[in-house]
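Hi everyone, thanks for coming. I'd like to walk you through one structure today, starting with its core and moving on to its disulfides.

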Amino acid sequence: MSRLSLPARFAASLLMLAGFLAVVSPADAAVPDRKGWALWNDPGAAVVPSGTWPAGSSVIPTSPGRYQVKLVGQGAPQGVVHVTAINNAPHWCQAESWGQSGSDEIVNVACYRAGGALDRSSFSVFFVRASGGPAPGPYGYVDSPAGGGIISQYNSVGAGNTSTNLGPGQYQVKFPGLVAGGTLDGSVQVTAVHPQLGVRCKIRNWVSSGGGQDVNVLCFNGAGALVNTRFTVTYQYKVSLYGAAVPPKYYGYFLNQPPAGPASTNLNSVMGLGANTILAAGTGLSLVTFPKIAFPQNTVQVTAYGSNSNFCGLNTFWFNMSSGPDLVVRDVNCFTNAGAPVNTGFTISANSIL
């Protein structure tokens, strides 16, 4: 057999390397594999481009209070979905189901008014599917069935997350190895998942320790009673809600306990810890400002925090101000189970594609 010359051997090596790179599986890809979000304006019957990514993604109302979201080119198995209602009346929105359809991701969303009846609403919906690494920081998610356990998960250090049912509507989700350094760090988002009943979930609390993150979740039906249901939960610390850090350069989160949580639960990717602000805007209303991160296309998600059945959403769409540029949420609105405005705890996460 003839021997290849040095240039020929070099060229052959390049071809072998290219072939190896071409067959790397999706499981070896960097976090995230797929992501997307949509901002739906129900009165306007259209998506809002500044809050929708990728371009061309769409929302179709399928019946009063139910919507089918198509995130173009982001189809992937498993992953998690979060949804936030946008309505000046007491509403919540939840995921019914999601899955891959060809190259697209299809997410089915349902929105309910206080009391548990389906009703039209604007909303912000978010999807991510992550696997492999490298991951830039403590980050993980869980899709949990109603009885506890795991449907799908991600953990940025490769550990196995768990979800345990502690009683009707009560869960403890553990993210081992996601160590942030304090006793209450980062941020959490939670969303209920049910294809038939109006249910909602919230964060009771979470504990940061040397072992990782322990998140306690509560879920309720429309009457305000604890109920077992499927749900999703995502933990982030110094990374975006979709698990990437640079890009995006522009993201932030905030815990209102109330009052504001420790600086380690208030991150602005441009200005650091403690930079985001909150102002009371009336009973149950909170104006939240994220300085210098208002770069579309972006998404905002909100989850109620505390041991009661209160729930939270957005009063109207967030603003990407030209000055700063600051992202302004006016306002987070929170309600009792009966629909009365109430001052209560919440977490909020703002994230850009840039």
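So, which residues of the largest nonpolar core touch the most other members? Before I answer, please keep in mind that we are looking at a predicted model. In the largest nonpolar core, which has 41 residues, the ones that touch the most other members are W206, V215, F231 and V233. If you want to find this core on the screen, follow the strands that give two or more residues to it: strand 9 (122-129), strand 10 (139-144), strand 13 (170-176), strand 14 (187-193), strand 15 (199-209), strand 16 (212-221), strand 17 (230-236) and strand 18 (251-256). Strand 15 contributes the most, four residues. There is also a second, separate core, and this one has 22 residues, among them L39, V48, W318 and A350.

Now to the sulfur chemistry. How many disulfides does the structure hold? There are three. Counting bonded cysteines along the chain, their pattern is 1-2, 3-4, 5-6.

Let's take them in turn. C93 and C111 are bonded, with 2.1 Å between their sulfur atoms. The link of C93 and C111 is right-handed, with 105° about the S-S bond. C93 sits in strand 6 (residues 91-101) and C111 in strand 7 (residues 104-113), so this disulfide ties together parts that are 18 residues apart in sequence. Are these two cysteines buried or exposed? C93 counts as buried at 8% relative accessibility, the cut-off for buried being under 20%. C111 is buried too, with a relative accessible area of 0%.

Next comes the disulfide that joins C201 to C219, S to S 2.1 Å. Its torsion about the S-S bond is about 105°, so the disulfide of C201 and C219 is right-handed. It links distant parts of the chain, C201 in strand 15 and C219 in strand 16, 18 residues apart. Those two strands may sound familiar: strand 15 and strand 16 are among the elements that give two or more residues to the largest core. Both C201 and C219 are buried.

That leaves C312 and C334, whose sulfur atoms are 2.1 Å apart in their disulfide. Here the torsion about the S-S bond is about 110°, so the disulfide of C312 and C334 is right-handed. This pair links C312 in strand 24 (residues 311-314) with C334 in strand 26 (residues 327-335), distant parts of the chain, 22 residues apart. Both C312 and C334 are buried.

That's my tour, and I'm happy to go back to any part of it.

Conventions. Residues numbered from 1 in each chain as written. Predicted model: local features only at pLDDT ≥ 70, side-chain atom pairs only at ≥ 80, totals over all residues. Heavy atoms only, no water. Core = buried A, V, L, I, M, F, W, Y, C linked by side-chain atoms within 4.5 Å. Buried < 20%, exposed > 50% of the residue type's maximum accessible area, 1.4 Å probe, protein only. Disulfide = S-S within 2.5 Å.
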